[in-house]
Structures are given as C-alpha cells and as structure tokens.
Amino acid sequence: MNNPIKTIGVFTSGGDAPGMNAAIRAVVRTALYNKIEVVGICRGYEGMIDGEFIRLESHSVSNIIQRGGTFIKTARSERFHTAQGRKQAYENIKKENIDAIIAIGGDGTFRGALAFNQEYNTPIVGIPGTIDNDLFGTDFTIGYDTAINTVVEAVDKIRDTAGSHDMLFFIEVMGRDAGFIALRSGIAVGAEDILVPETTTRVEDLVNKLRFDRRNNKTSGIIIVSEGDDLGGAYKVAEQVKMKCPEFQTRVTVLGHVQRGGNPSCMDRVLSSTMGYEAVLALLDGKSGVMVGIINKQIALTSFEKATKHHQEINKEMLEMARILSL
Ligand code: ATP
C-alpha cells in the first residue's frame, strides 16, 4: 500500500520538559528513514496559526539529544481555543503540504489536538511531554524523571543545612493539580512528610508528626509540599506550623523553574527516543487522534478523548509507605 504521508509537522506545546528535543530528533530521523519529510512548527499552536515553519533535516537535530528545553520553542495559545484560530492553523499546514502532525505536550495540548482532529482530517499523534506525569495512558511522561532528579539533588543540598542548623525546611515543588513530583522525590530524599493536592492536609497531623520526630531526637526535617496543596503551598504551611510550634526554626524554599530545565536524564532520553520513533510508526500505520504511551514496558496508544478525560492516579500506598519510612 502506498504511504499517503509525505510530510510530517512536529511541534512542542505547553510547558517545556527535558527530553522534548530528544523526541523531536527521534521523529525527524525515523521519518527521514521512511522517506518522509519533516517540518518543525515553531512555538506550538501559536506557530501553526502564524505559519512559523522550518524544514528539519537530519543535521538539524544533531547534538540536541542531551539538551533540555525545546529548540523549536513552545507556547500557550489563546487563539487556538477559537474555531477561527484552528481554521487559520489548518490553512497554514495545508499551504505547507503537511499531511500529518506529531504534537508533543501535556493534557491541554491534547485537548487542542482533539478539537482540531474533530474539525479537520489531518492525522495527529501525540507524545506526552510534561514534567507533571499526570497523563492517563502512560506510566511516565517525558521530563518527569529529570525533574524529580533535579528536586532530589537540590533537597540533598538543603538537607545538609537543615541538619547543621537544626532547621525544619518546607520545600515547594511543582504540581498544581498532581502530586507525582512531590511523592517520588519525597520518598527519594527521605522527607519527614509529603503534602500533595490529592489528599487533605491537616496541620494538626503534621504538627503531631513533627513533635513525635523531636521526641525521637530528630532535630531537623524536610517537608515536601506540592504547589497545589490544599493549604496553599509551602509558605502557607510553614506559617501555620510556626504558629503552633514557635520553637521550630522554619525555612521555606520554592524550587520553581529550576525543575523544568536541565539535561534530560538517561531514562528521559530513552523514553523520548522511543516515543518519537513509535509516534511516526503509528502515523504510518494509519493511526490518528491517539497519544503514544508506555504502560508496563509495552507501547500503548490511548485516544486523546480518554487521555484528557482521565488522570493518572497517585499511588496513596506509596504515600503511606513514605510516612512509615520517615518515622
Ligand atoms: P503542561 O502540562 O506543561 O501545562 P499542557 O499541554 O497541558 O502542558 P496547556 O497550556 O494546558 O499546556 O495547553 C497547551 C495549549 O493547548 C494551550 O495554550 C492551547 O493553545 C491548547 N489548548 C488547550 N486546551 C484546549 C482546548 N480545549 N481547545 C483548543 N486548544 C486547547
């Protein structure tokens, strides 16, 4: 059967995540191997609407597998929420002779891809690129592993100071709606408590735990707080604890954007390469409207509808385990 796809457009959208470059590289090289041309659509949906395209050759993606960020840029686009914006985007990709698209981003990106896919017949396959790891349909998203390693490295350093000065640190990590970054990094640093958006935080419980730690000769501590915790982030939690326990020397560190950048970890490079490769194969196989994922080491394709409707659930048993291990 003749392959109807002659040119693939690839873009990154939403927040940048380490490994996006490695995924673009894999898309380009796999497509070229299959005699398909590749066009980079700069700045996500914004570039699609404004017609910002660059031809990507094999050498265009040399020396980027190890770089964080995304060399074709990313953006959030208000205009793509409108039918008019999507129409303009479609007209541009037609003019550019792009017959299929690979979208790298988070759930918002796939909501956009779903809307586009329902209106126009250009095949689209998605690759989950977000440090939050909150997407349904894959065990891990691109960038998550690097982000948690960044958190671990930073908290290990803070632990030295906390121990030397008998301080209690509240460290805020990314995660507005999901606690995956907090949970995994919290376990890895041996945090005294981990506060996530998925559970209700009770200051009383936290204070009881910290007092218990003091009685057991723990003179310092690390509390990992997701930015979306229901108490309102690390500053708010620290304030409430300090009111109840003025004897604690409390400090707050907000890690912020340092968690987004940096060279992708080995795991993220391999994950991105595999997903980029599989996304091209999925298009060649006639698939559209789906996100590539890896579940239990197997490639899995999940419809945009499902991937955006559901959320990956945090493992609450691991939260319980972390509490026990920190006693
Ligand atoms: P991250 O997880 O890093 O935030 P994301 O892909 O979820 O990444 P968003 O800003 O939520 O990031 O979404 C990226 C873009 O997708 C938006 O700026 C918008 O252009 C488009 N988008 C999101 N939802 C829709 C929608 N319902 N209809 C059309 N476009 C959408």
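A polar contact here is a pair of N or O atoms within 3.5 Å. The model is predicted.

**Exercise 1.** Find which side chains make polar contacts with oxygen atoms of the ligand.

*Solution.*
Step 1. Start at Thr109: an N or O atom of its side chain is 2.5 Å from a ligand oxygen.
Step 2. Move to Asp107, where the side-chain N or O atom to ligand oxygen distance is 3.0 Å.
Step 3. Check Thr130: a polar side-chain atom lies 3.2 Å from an oxygen of the ligand.
Step 4. Apply the cut-off of 3.5 Å. Thr109, Asp107 and Thr130 qualify.

**Exercise 2.** State how much of the ligand the protein buries.

*Solution.*
Step 1. Take the ligand alone: 620 Å² is exposed.
Step 2. Add the protein: 83% of that area is buried.

**Exercise 3.** Describe the shell around the ligand by residue, class and helix.

*Solution.*
Step 1. Count the shell: 17 residues. Arg76, Ser77, Gly106, Gly108 and Thr109 are the closest.
Step 2. Sort by class: ten are polar, five charged and two nonpolar.
Step 3. Assign elements: helix α4, residues 107-119, gives the most, with five residues.

**Exercise 4.** Identify the pocket that the ligand occupies, and describe its lining.

*Solution.*
Step 1. Locate the ligand: its space is the largest pocket.
Step 2. Size the pocket: the volume is about 850 Å³.
Step 3. List the lining: 36 residues, with Arg76, Asp107, Gly108, Thr109 and Arg111 nearest the centre.
Step 4. Sort the lining by class: 15 polar, 14 charged and seven nonpolar residues.
Step 5. Find the main contributor: α4 gives the most to this lining, with five residues.

How values were computed:
Residues are numbered from 1 along each chain as its sequence is written. This is a predicted model: local features need pLDDT of at least 70, side-chain atom pairs count only at pLDDT 80 or more; totals for chains, interfaces and linings use all residues. Side-chain values use heavy atoms; hydrogens and water are left out. A residue is near a molecule or strand if one of its heavy atoms lies within 4 Å of it. A polar contact is a pair of N or O atoms within 3.5 Å; within protein, one must be able to donate a hydrogen and the other to accept it, and residues adjacent in sequence count only if both atoms are side-chain atoms. Accessible areas come from the Shrake-Rupley method with a 1.4 Å probe; for residues, only the protein chains shown count as cover. On a 1 Å grid over the protein atoms alone, a cavity is a set of points where a 1.4 Å probe fits but cannot get out, and a pocket is an open set with protein on both sides within 12 Å along at least five of seven lines; lining residues have an atom within 4 Å of a point. A molecule sits in a cavity or pocket if more than half of its atoms lie within 2 Å of its grid points. Helices (H or I, at least four residues) and strands (E, at least two) are DSSP runs, numbered from the N terminus. Ala, Val, Leu, Ile, Met, Phe, Trp, Tyr, Cys and Pro count as nonpolar, Asp, Glu, Lys and Arg as charged, and the others, Gly among them, as polar. Grid points are joined across faces, edges and corners, and a volume is the space filled by probe spheres set on the points.
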